[in-house]
Amino acid sequence: MVLQVLWLLRHHDNPPQQKVKGSSKSEDLVDRHLPELLFHMEELRALVKKYSQVLQRYYVQYLSGYDAIALTGLLKKLSDNFPNLIPDGSEESVLLNSFCTELSQLSVKQVEEGCPFDFAGLRLDWFRLQTFCSQGAVEGSTGLNLKAHPELAALLNQLVFHTKMVDNLDEALLETSDLSIFWFVL
């Protein structure tokens with residue numbers, strides 16, 4: 001949402017060239033609801049910060065209750081359908097099994113006790129797994145190819161987003177709703 005607001009503010013003084021006749025450039029870039037939108041963005045941001053523990057609890061439950069089970073099920077389905085796809089002991093196998101183990105060990109009790117979460121390693125392992133899979137695809141290996149199994153890539157991308165909502169909520173807020181760039185306008 002911030003990107004749209006940024007675009008609007010940047011193009012207000014320098015409107016893009018239009019080839020369509022009959023429409024006014026300045027009218028296209030005027031949004032009478034922009035102040036209200038900015039106000040609601042700031043309100044929503046404050047609510048997310050206030051209830052961050054509720055969000056953490058939700059995403060921890062989601063990670064352990066859905067993502068871990070879905071990933072385990074998908075890996076079982078892939079190993080049943082393609083027995084040699086992920087050989088035991090391979091880097092891919094070790095990483096995927098560590099994902100399942102780490103996620104299944106999460107509990108809401110950890111959130112209530114205030115235990116710090118750090119899923120940076122898991123996210124880096126996902127990037128490492130992508131590298132292994134892309135190397136195999138380039139070299140012509142018969143191993144795991146994420147392009148051939150988009151459901152696995154989609155689930156792991158979703159899992160990475162959910163981990164960010166647990167341990168990196170402040171950064172996610174900065175990425176999506178930081179209004180500090182607009183202070184010069186005041």
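**Close-up 1. Asp125 and Arg128 share helix α7, sitting three residues apart, about one turn of the helix.** In this predicted model, their side chains meet in a salt bridge, with 2.2 Å from N to O. Side chains of opposite charge can pair when their charged atoms come close. How do the two partners compare in exposure, buried or partly exposed? Asp125 has a relative accessible area of 18%, so it counts as buried, and buried here means under 20%. Arg128, with 39%, is partly exposed.

**Close-up 2. Arg123 pairs up with Asp167 in a salt bridge.** Look for the closest N and O atoms of this pair: they are 3.1 Å apart. Which helices do the partners come from? Arg123 belongs to helix α7 (residues 120–139), while Asp167 belongs to helix α8 (residues 150–167), so this pair ties together parts that are 44 residues apart in sequence. Arg123 is tucked away too: its relative accessibility is 9%, so it counts as buried.

**Close-up 3. Over in helix α4, Lys76 and Asp80 make a salt bridge with each other.** The N-to-O distance here is 3.4 Å. Both residues lie in α4 (residues 52–81), four residues apart, which is about one turn of the helix. Is Lys76 buried or exposed? Lys76 has 51% relative accessibility, so it counts as exposed, the cut-off being over 50%. If you're keeping a tally, the structure holds three salt bridges.

**Close-up 4. Helices α4 and α5 pack against each other with their axes 8 Å apart.** Helix α5 covers residues 91–104, and the angle between α4 and α5 is about 155°. Why call this pair roughly antiparallel? Angles over 145 degrees count as roughly antiparallel, and α4 and α5 therefore fit that description. The crossing of these two helices is left-handed. On the α4 side, the contact is made by Leu63, Ser64, Ala68, Leu71, Thr72 and Leu75. On the α5 side, Leu96, Phe99, Cys100, Leu103 and Ser104 do the job.

**Close-up 5. Cys100 and Cys133 are both buried.** Cys100, which you just met in the contact between α4 and α5, has a relative accessible area of 11%, so it counts as buried. For Cys133 the value is 2%, which means that this residue is buried as well. A disulfide is a covalent bond between the sulfur atoms of two cysteines. How many disulfides does the structure hold? The count is zero.

Definitions and conventions
Residues numbered from 1 in each chain as written. Predicted model: local features only at pLDDT ≥ 70, side-chain atom pairs only at ≥ 80, totals over all residues. Heavy atoms only, no water. Salt bridge = Lys/Arg side-chain N within 4 Å of Asp/Glu carboxyl O. Buried < 20%, exposed > 50% of the residue type's maximum accessible area, 1.4 Å probe, protein only. Disulfide = S-S within 2.5 Å. Axes fitted to C-alpha atoms, helices over the stretch in contact; angles between N-to-C directions. Parallel < 35°, antiparallel > 145°, perpendicular 65-115°, else oblique. Left-handed = near helix turned anticlockwise from the far one by under 90°. Contact = heavy atoms within 4.5 Å.
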